[in-house]
Amino acid sequence: MTTTNAVSNDRVQTNRLRVVFAGTPEFAAASLESLIAQQEQLNIDIVAVYTQPDRKAGRGQKLSASAVKQVALTHDIAIEQPATFKKSNTEGLAARQTLASYQPDIMIVAAYGLILPIGVLDIPTYGCLNIHASLLPRWRGAAPIHRALLAGDTKTGITIMQMDKGLDTGDMLYEASCTIADDDTAASLHDKLADLGATAISTVLQDLSNYQAEATVQDDKQANYAEKLVKTEGEIDWTQSANIIERQIRGLTPWPGAYTFLNGARVKVLNSMPANPSQQTTEPSGTVISVGRKAILVACGKESETESSATTLAVTHLQFAGGKPVSAEQICHGNQLDDGDQFGPEFN
């Protein structure tokens with residue numbers, strides 16, 4: 001498919017592309033660092049970095065710069081932090097004018113967190129490219145890494161997409177896949193995809209004209225929406241199967257984290273072994289079947305309605321309210337949990 005944003009080979013060869021980078025968290029910072037290091041090789045100049053306004057963080061609630069801003073500061077690159085690009089207010093109009101003043105050829109966007117209206121997408125000569133952490137159209141939206149883990153996907157990856165007015169609906173320029181390991185958490189998968197994203201965007205910029213000319217349309221029928229995470233998603237429903245709960249623990253690590261309650265007190269469930277289908281039980285869901293040195297065996301729900309017995313999950317690490325993370329062996333020796341104890345909602 002031919003796109004109107006395709007750049008001529010002559011343009012890339014004779015002039016350095018003026019690049020504006022827009023991103024906020026560590027995921028985006030990995031790509032920015034990589035692009036900065038390869039400016040000569042890629043024939044680009046990163047003329048400005050856009051990132052979210054500083055936010056209050058930590059116990060002291062002090063203003064904290066984003067990971068992307070910290071990279072830009074280190075490399076003495078111009079930084080812009082508009083709160084909006086909406087043309088309906090003065091600040092948004094000013095932000096558009098400032099962006100245009102950088103005369104960008106291309107804008108690279110990665111987990112920016114700010115909506116870019118069509119009027120902004122049209123400012124760079126060759127449009128805006130998004131580094132998206134999913135093999136589109138599998139997961140569109142805010143939390144593709146977490147949703148892939150929660151859904152039990154075995155593969156994910158990076159898509160470099162030509163942005164349009166929709167939510168992650170633009171034409172795809174390039175995809176790079178990544179296997180999801182059985183022990184991957186949202187944190188480990190994030191790091192894999194951050195590195196893969198940095199490689200992918202460099203690959204596209206090396207031959208931008210061809211990738212834009214060969215862009216393919218997404219199949220909307222295959223799309224799923226990766227909703228933003230909320231804290232309450234971390235609460236474990238022990239009537240679910242062990243497989244679902246095990247994915248929940250990994251998919252929500254480190255935030256918001258999986259948790260349950262014991263006698264009204266919150267207990268964080270930090271890690272578990274993969275569900276073993278041969279270990280079944282008739283105990284009520286949430287029951288602590290055994291407290292062993294290697295794992296704490298907890299009764300879960302049935303894998304399907306046709307099953308006569310329910311599944312179990314071997315939990316290896318917990319964190320009790322007000323305490324530090326502890327292993328099953330430490331719990332076994334510390335008498336913090338007994339066979340027959342009941343995990344469940346805060347108020348039964």
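In this predicted model, helix 2 and helix 4 meet through a small set of side chains: Glu26, Ala28, Ala29, Leu32, Glu33 and Ile36 from helix 2 touch Ala67, Val68, Val71 and Ala72 from helix 4. By class, this contact has eight nonpolar and two charged residues, with no polar ones. The axes of helix 2 (residues 26-37) and helix 4 (residues 67-74) come within 8 Å and cross at roughly 25°. Angles under 35 degrees count as roughly parallel, so helix 2 runs roughly parallel to helix 4. The crossing of the two helices is right-handed.

Just beyond helix 4, the loop that leads to strand 5 (79-80) holds aspartate 76. Although aspartate 76 is not a glycine, its phi is positive, at about 55°. Aspartate 76 counts as exposed because its relative accessibility is 74%, where the cut-off for exposed is over 50%.

Turning to helix 8 (residues 186-206), its 21 residues should span 30 Å at 1.5 Å a residue, and the end C-alpha atoms are indeed 30 Å apart, so the two values agree. Many side chains of this helix are covered, and the buried residues include Ala186, Leu189, Leu193, Ala194, Gly197, Ala198 and Ile201. An α-helix has 3.6 residues a turn, so residues three or four places apart point the same way.

Helix 10 (residues 242-251) is mostly covered as well, with seven of its ten residues buried. These are Ala242, Ile245, Glu246, Gln248, Ile249, Arg250 and Gly251, a list in which Glu246 and Arg250 are charged. The partners against which they pack are helix 7 (144-150), helix 8, strand 12 (258-262), strand 13 (265-272) and strand 17 (310-320).

The loop between helix 10 and strand 12 contains proline 254 and proline 256. The peptide bond from threonine 253 to proline 254 is cis, with omega near 10°, and a cis bond also joins tryptophan 255 and proline 256, with omega about 0°. On the far side of strand 12, in the loop to strand 13, sits asparagine 263. Asparagine 263 has a positive phi near 55° despite being a residue other than glycine, and its 77% relative accessibility is why it counts as exposed.

Across the whole protein chain, the secondary structure comes to eleven helices and 19 strands. Buried residues make up 48% of the 348 residues. Of the contacts between residues at least 6 apart in sequence, 66% join residues at least 24 apart. The C-alpha atoms fill a box of roughly 70 × 45 × 40 Å along the principal axes.

Conventions: Residues are numbered from 1 along each chain as its sequence is written. This is a predicted model: local features need pLDDT of at least 70, side-chain atom pairs count only at pLDDT 80 or more; totals for chains, interfaces and linings use all residues. Side-chain values use heavy atoms; hydrogens and water are left out. Axes are lines fitted to C-alpha atoms, for helices over the stretch in contact, and angles run from 0 to 180 degrees between N-to-C directions. Helices (H or I, at least four residues) and strands (E, at least two) are DSSP runs, numbered from the N terminus. Angles under 35 degrees count as roughly parallel, over 145 as roughly antiparallel, 65 to 115 as roughly perpendicular and the rest as oblique. A crossing is left-handed if the near helix is turned anticlockwise from the far one by less than a right angle, and right-handed if clockwise. Contact means heavy atoms within 4.5 Å. The expected span of a helix is 1.5 Å times one less than its number of residues. Buried means under 20% relative accessible area, exposed over 50%, partly exposed in between (1.4 Å probe, protein chains only).
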